[in-house]
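Please open the structure in your viewer and keep the sequence panel beside it. The tour goes from stop to stop, saying what to select and what is found there.

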Amino acid sequence: MQVSNSEELEIEARIDSLLEGLALTEKIGQMTQVLHFEDQTEGEIKAGRIGSVIHTQGPLPGNGAREWQERFRKLQELALSSHPRIPLLFGVDAVHGQNTFEGATIFPHNIGLGATQNPDLVEKAAAITAMETQATGFNWVFSPCIAIPYNEKWGRVYEAFSESTKLTNSLTAASIRGHQGKLSEAHTVMATAKHFIGDGSTEYGVEGGVTTLSETEIKERLLPPYRAAVASGVGAVMASFNTFEGIPMHAHKNLITGVLKEGMQFDGIMLSDWKGYSRFGEADIINAGIDMVMAVDGDLELFQNGLKKAVETGYVPMERIDDAVRRILRQKFRLGLFENPYPRETFIDSIGTQQHRDVARQAVRESLVLLKNEKNLLPLRPDSGKIVVVGAHAHNAGLQSGGWTIDWQGTDRNYTGATTILEGIQKISEAEVIYDPEGAGKHADADVAIICVGEPPYAEFFGDIGHESNTLQLELSAKQRAYIEHYQGQGVPTVVVLLSGRSMVITSEIKKANAFIAAWLPGSEGDGIAEVLFGKYNFKGRLPHSWPASLDDFKGKYGPNYWQDSIEPMFPLGYGLSYD
């Protein structure tokens, strides 16, 4: 639910009044987003030269939510003491819960939510994320990612809901409803649909690479989720780093201004991605339709003076600047920031509550996809004699949560408030539970081995298969494959739980295992997996992506295009077993 027509008319009148009193430097200031921990931030805010503040990898705002709020309250007070007296937007990459704050509720990444096919649950998760994000001082999240991934080699597959445009449309609308509600209400935040457009459909799955899809395919497969986002009143859209038609998307005026703003009638903020001004030129991206630039750190003068000169020489029309500032002010008014600029201390107690974790645990349960269940090995009996739980992923909340968790690239440790898969099993099972992190134990007398395998955490280009910075593969490591062989060799029935941000080639492993589960990146509530393993709940998850059968499927630029090629997947989109 958004504002009424009468409220909109009042907002536009207030914007007109504000714009008349702003100098060019103050207008450019509204278009500028900086990091909260840069040395010059406070002085530039007080001078009226900043419109938004971002929290990302780097020094924390404080110790605990109260200090986070106090930090952002101080910056807001500086903004309101400046000449424009315009409140700040505070943004954060809260992409699966308030994942920058340790102790918050962390939901499954979007690929897991896509497996639930449950828009009501996605809406609840987004609403909880909004409340816990507000509780830490923010009013803007850079979520949801609504890409349609074309290649599992892309390092951000897990940030998107599905390869299905129809499913993505539904979950996009649900996510935005949950985050935004009525924007002026205290517990909501502004959402951001990203990355416009073609981020998940580059050649060879390269982050920020080249998109060579046809206009028809972009229109039919990639644009509909943005139409759904705009129809849901999304407050912001973030530009992508890829190029299309030889033009960087940040500078693609036809798509940003023509298709998104004019064609879809998007009236919110068009945001650049990280330091997009320095990669593609501040004047060119503003002319293309970018309204606010992200992360102007270390070269504020360069950006602002460069844009000011471009306006004074006529290269960037003043009308374009006024339109950008109007869009920014419009969202600040819709958020109610002029009346209520500060975070509510009362929300602090909502962070990581049991009620919120119950919803996250439900999301974990419904995201699990059962790929194989030979001779009905599952569900397990709570009173089994002996259970061996295998692998580091079984008892490490960081590994089970993936990237964008506590740190940008994720973490490999247990973090506050999280429950691991092992802990969930120990809580439910009445059996002797043995933990074998290295997968080398001698336990031929075990009733079952639950073998947890998967990828290490990664984010953005660091997750691209083939990127020079990593050794990631679309297959399990030799060490993890050996876990399965070791326990199969002892004659122990094996259940494999795969924790990954994408579909992986597991053709030989699934043949060896007695049962196989795609668990994606479940977040902080690992005990949700145990609840399904032991039959307290049934499997509901369905594959949000077709599952590849071979590495040979990825020889082409766009991976296995099962929807149009003759290649047969191991499992089709929508596949998933349940208990009889």
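## Starting point: A482

Select A482, which is partly exposed because its relative accessible area is 33%. This residue sits in helix 18. Now add A239 to the selection: A482 and A239 lie 243 residues apart in sequence, and their C-alpha atoms are 43 Å apart in space. Before going further, note that this is a predicted model.

## The sheet 5-7-10-11

Next, show the open sheet of four strands whose order is 5-7-10-11, with parallel pairing. Which strands stand at its edges? They are strand 5 (192–196) and strand 11 (292–294); each has a single partner strand, so one side of each is left without a neighbour in the sheet. Look along the sheet to see the twist, which averages 25 degrees from one strand to the next.

Zoom in on strand 5 and strand 7, the latter being residues 236–239. The two run parallel and are joined by four bridges. To find one of the pairs, select T192 and its bridge partner in strand 7, A236.

## The sheet 1-2-3-4

Move to another open sheet of four strands, in the order 1-2-3-4 and again with parallel pairing. Its edge strands are strand 1 (33–35) and strand 4 (140–141), and each of them pairs on one side only.

Walk across this sheet strand by strand. How many bridges join strand 1 to strand 2? There are three, and the two strands run parallel, with strand 2 made of residues 52–55. Select Q33 and then S52, its bridge partner in strand 2.

Stay on S52 and look towards strand 3, where its bridge partner is L89. Strand 2 and strand 3 run parallel, with four bridges between them. To follow the chain from strand 2 to strand 3, trace it through helix 4 (residues 65–81); this β-α-β crossover is right-handed.

Now select strand 3 itself, residues 89–92. In a regular strand the side chains alternate between the two faces of the sheet. Are the residues of strand 3 buried or exposed? L89 and G91 on one side are buried, as are F90 and V92 on the other, so both faces of the strand are covered.

The last step across the sheet leads from strand 3 to strand 4: the two run parallel and are joined by two bridges. Select G91 and W140 to see the residues that stand opposite each other here, W140 being in strand 4.

## Helix 6 against helix 7

Hide the sheets and show helix 6 (residues 119–135) and helix 7 (residues 165–180). Two packed helices are described by the angle between their axes and the distance between the axes. For helix 6 and helix 7 the angle is about 35 degrees, and the axes are 7 Å apart. Helix 6 passes helix 7 in a right-handed crossing.

To display the contact, select P119, V122, E123, A126, A127, T129 and A130 on helix 6, together with S170, L171, A174, S175, R177, G178 and H179 on helix 7. Colour these residues by type: seven are nonpolar, five polar and two charged.

## Two cis peptide bonds

Go to S143 and P144, which are joined by a cis peptide bond with omega of about 10 degrees. P144 lies in the loop between strand 4 and helix 7.

Then jump to L378 and P379, where the peptide bond is also cis, with omega near 5 degrees. P379 is in the loop between strand 12 (369–373) and strand 13 (386–390).

## Two residues with positive phi

Select R85, in the loop between helix 4 and strand 3. R85 is not a glycine, yet its phi is positive, at about 55 degrees. Is this residue buried or exposed? R85 counts as exposed because its relative accessible area is 51%, and the cut-off for exposed is over 50%.

Finish at E460, in the loop between strand 15 (448–454) and helix 18 (478–489). Its phi is near 55 degrees, a positive value in a residue other than glycine. E460 has 17% relative accessibility and therefore counts as buried, the limit being under 20%. Helix 18, on the far end of this loop, is also where A482 is placed.

Notes: Residues numbered from 1 in each chain as written. Predicted model: local features only at pLDDT ≥ 70, side-chain atom pairs only at ≥ 80, totals over all residues. Heavy atoms only, no water. Axes fitted to C-alpha atoms, helices over the stretch in contact; angles between N-to-C directions. Left-handed = near helix turned anticlockwise from the far one by under 90°. Contact = heavy atoms within 4.5 Å. Nonpolar A, V, L, I, M, F, W, Y, C, P; charged D, E, K, R; others polar. Pairing = 2+ DSSP bridges. Buried < 20%, exposed > 50% of the residue type's maximum accessible area, 1.4 Å probe, protein only. Right-handed = clockwise from strand over helix to strand, strands pointing away.
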